[in-house]
Amino acid sequence: MKGHLLLILTVWLNTQFGGAVLSSCTHPPSKWCSSLDSAIECGVLKQCLESNFTRSHDQADKVEVALYYESLCPGCRDFLVFSLFPTWLMLNDIMTVTLVPYGNAQEKSVGGKYVFECQHGEQECLGNLIESCLLNMTDLAIPMIFCMESSTDVINNGQMCTKLYKPDLSWDSVMKCVKGDLGNQLMHQNALKTQALNPPHDYVPWVTINGEHTEDLQDKAMNSLFNLVCSLYKGDKPPACGGKQKHFKSLCHNE
């Protein structure tokens with residue numbers, strides 16, 4: 001099933017960008033338009049210019065999607081891999097994503113540090129810590145976490161997923177965060193965010209939309225997050241949501 005998802009994403013990306021993506025492109029889709037160099041390298045300069053023009057004329061607020069989850073929770077992994085990440089790939093112009101890896105964990109203070117007990121054991125606590133550190137250390141954390149959560153071994157593939165998306169981020173620096181005070185504080189902040197949920201969460205994955213959680217929003221997100229984000233966005237709908245594709249032409253007339 002995961003192979004089918006990757007095939008679908010590849011087909012969609014080629015469709016959206018007219019098959020123009022170059023094999024030499026080393027950037028994830030979310031970064032294709034981040035700079036002139038990356039747009040040229042990935043063969044999407046025209047599409048990026050059009051997209052930037054469209055965004056400059058569209059001031060609607062993005063739909064804010066937050067996922068409270070656990071790194072080894074089967075239902076969390078399925079939602080992140082098969083719904084959240086593909087939706088973010090296609091709609092990142094109109095949505096933001098916040099990931100809070102903590103879920104049903106418990107914390108207590110011992111000797112000036114926080115000790116965590118996770119629903120699926122110590123390995124899940126380690127996974128939560130790794131993903132928390134990645135979220136703090138790089139803006140490429142979302143594709144890295146997708147890579148980890150879609151693999152058969154979430155923890156042991158963390159280093160490979162990090163190297164795949166950001167080769168200059170050393171795994172030693174990630175593990176220094178995981179084992180040090182920074183990782184401990186990041187997990188504590190995740191605990192505080194989770195404990196502050198209103199209404200309190202009683203399962204994961206727990207989804208909030210624009211800071212709000214209702215059972216209706218949760219059901220719609222689980223059924224089709226893509227359709228939910230498209231329906232809630234107040235600006236001009238992007239082509240992926242069924243909006244009109246804008247084409248801009250520059251003409252030089254014969255004088």
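Here is a quick tour of this protein chain, from its overall makeup to its cores, a hairpin and some salt bridges. Keep in mind that this is a predicted model. The chain has 255 residues, and 44% of them count as buried. Its secondary structure comes to 10 helices and five strands.

**The chain as a whole**

- The accessible surface comes to about 13,900 Å², and carbon and sulfur atoms make up 54% of that.
- Take the contacts in the chain with a separation of 6 or more: 64% of them are between residues 24 or more positions apart.

**The nonpolar cores**

- The largest nonpolar core holds 33 residues, and the ones that touch the most other members are Val65, Leu84, Leu99 and Leu225.
- Several elements give two or more residues to this core: on the strand side they are S1 (63–69), S2 (95–101) and S5 (206–209), and on the helix side H4 (74–91), H6 (141–149) and H10 (215–232).
- H4 hands over the largest share, with nine residues.
- There is also another core, lying apart from this one, with 26 residues that include Met144, Met148, Met187 and Ala191.
- Val65 is a good place to start looking around the largest core, as one of the residues that touch the most other members.
- If you skip its neighbours within four places in sequence, Val65 is in contact with Leu84, with the run Met95, Thr96, Val97 and Thr98, with Val207, Thr208 and Ile209, and with Leu225 and Val229.

**The S3–S4 hairpin**

- Strands S3 and S4 form a hairpin with two residues between them.
- In the turn you'll find Gly111, which has a positive phi of about 60°.
- The pairing of S3 with S4 (residues 113–117) is antiparallel and runs over five bridges.
- To see one of the pairings, look at Glu107, whose bridge partner in S4 is Phe116.
- S3 (residues 106–110) lies largely in the open, because zero of its five residues are buried.

**Salt bridges**

- A search of the whole structure turns up four salt bridges, and three of them are described here, starting with Asp181 and Lys113, then Asp168 and Lys166, then Asp216 and Lys220.
- In the bridge between Asp181 and Lys113, the closest N and O atoms are 3.3 Å apart.
- That pair ties together distant parts of the chain, since Asp181 sits in helix H9 (residues 181–195) and Lys113 in strand S4, 68 residues apart.
- Asp181 has a relative accessible area of 51%, so it counts as exposed, the cut-off being over 50%.
- Its partner Lys113 is partly exposed, at 41% relative accessibility.
- Asp168 and Lys166 also form a salt bridge, with 3.5 Å between the closest N and O atoms.
- Asp168 is exposed at 63% relative accessibility, whereas Lys166 is partly exposed at 25%.
- Asp216 and Lys220 make a salt bridge too, and here the closest N and O atoms are 3.3 Å apart.
- Both Asp216 and Lys220 lie in helix H10, four residues apart, which is about one turn of the helix.
- Asp216 is partly exposed, with a relative accessible area of 45%, and Lys220 is partly exposed as well, at 43%.
- H10 is also one of the elements that give two or more residues to the largest core.

Technical notes: Residues are numbered from 1 along each chain as its sequence is written. This is a predicted model: local features need pLDDT of at least 70, side-chain atom pairs count only at pLDDT 80 or more; totals for chains, interfaces and linings use all residues. Side-chain values use heavy atoms; hydrogens and water are left out. A nonpolar core is a set of buried Ala, Val, Leu, Ile, Met, Phe, Trp, Tyr and Cys residues joined through side-chain atoms within 4.5 Å. Buried means under 20% relative accessible area, exposed over 50%, partly exposed in between (1.4 Å probe, protein chains only). Contact means heavy atoms within 4.5 Å. Accessible areas come from the Shrake-Rupley method with a 1.4 Å probe; for residues, only the protein chains shown count as cover. Two strands pair if DSSP finds at least two bridges between them. A salt bridge is a side-chain nitrogen of Lys or Arg within 4 Å of a carboxyl oxygen of Asp or Glu.
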